[in-house]
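Please open the structure in your viewer and keep the selection tool at hand, since the tour moves from the overall fold to individual side chains.

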Amino acid sequence: MGSTRLYAVYDPVSRRCTFSNAGHIPPIVLPPSGTAELPELPVGPPPGLGGRPSSPHAVDAALLLARTRALSPDAYATWDISDDPRQVARLRTVVAEQLQR
């Protein structure tokens, strides 16, 4: 017995949605244009079954509705940081100040 997975992550800054598919039927995406799309996704094997799926399972369906919103530029901050460990203390201060704002 196995199961399939379709995992989606939405980034409200870039307004991009990224999918990972493990044997599930492809999602239908309805963008702001109102025209339904079937994104082309590589399909990996269902967890625990090994091997690639030969076809989508007819009884394997789910419905998830999500209304996405973009964050305005004043709702987030970005910083270019180096991998220097001495930057940690400074960045803690900068992040704390941003969160207070």
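The stops below go from the whole chain to a hairpin, a salt bridge and a surface patch.

Begin with the whole protein in cartoon view, bearing in mind that this is a predicted model. The protein has one helix and three strands, and along the sequence these follow the pattern β-β-β-α. Switching to a surface view shows an accessible surface of about 8,600 Å², with 57% of this area belonging to carbon and sulfur atoms, while buried residues account for 12% of the 101 residues.

Next, select residues 5–11 and 16–22, which are strands S1 and S2; the two run antiparallel and are joined by seven bridges. Arg 5 is a convenient place to start, as its bridge partner in S2 is Ala 22. Following the hairpin to its turn, where four residues lie between S1 and S2, you reach Arg 15, whose phi is positive at about 60°.

Now select Asp 84 and Arg 86, whose closest N and O atoms are 2.8 Å apart in a salt bridge; a search of the whole structure finds one such bridge. Is Arg 86 buried or exposed? Its relative accessible area is 70%, and because exposed means over 50%, Arg 86 counts as exposed.

Finally, select Trp 79, Ile 81, Val 95 and Leu 99, which together make a nonpolar surface patch of about 410 Å². Leu 99 belongs to helix H1, residues 87–100, and with a relative accessibility of 70% this leucine is exposed.

Terms used. Residues numbered from 1 in each chain as written. Predicted model: local features only at pLDDT ≥ 70, side-chain atom pairs only at ≥ 80, totals over all residues. Heavy atoms only, no water. Salt bridge = Lys/Arg side-chain N within 4 Å of Asp/Glu carboxyl O. Buried < 20%, exposed > 50% of the residue type's maximum accessible area, 1.4 Å probe, protein only. Pairing = 2+ DSSP bridges. Patch = residues over 30% accessible without salt bridge, like charges linked within 9 Å, V, L, I, M, F, W, Y side chains within 5 Å. Areas by Shrake-Rupley, 256 points an atom, 1.4 Å probe, with all protein chains shown as cover.
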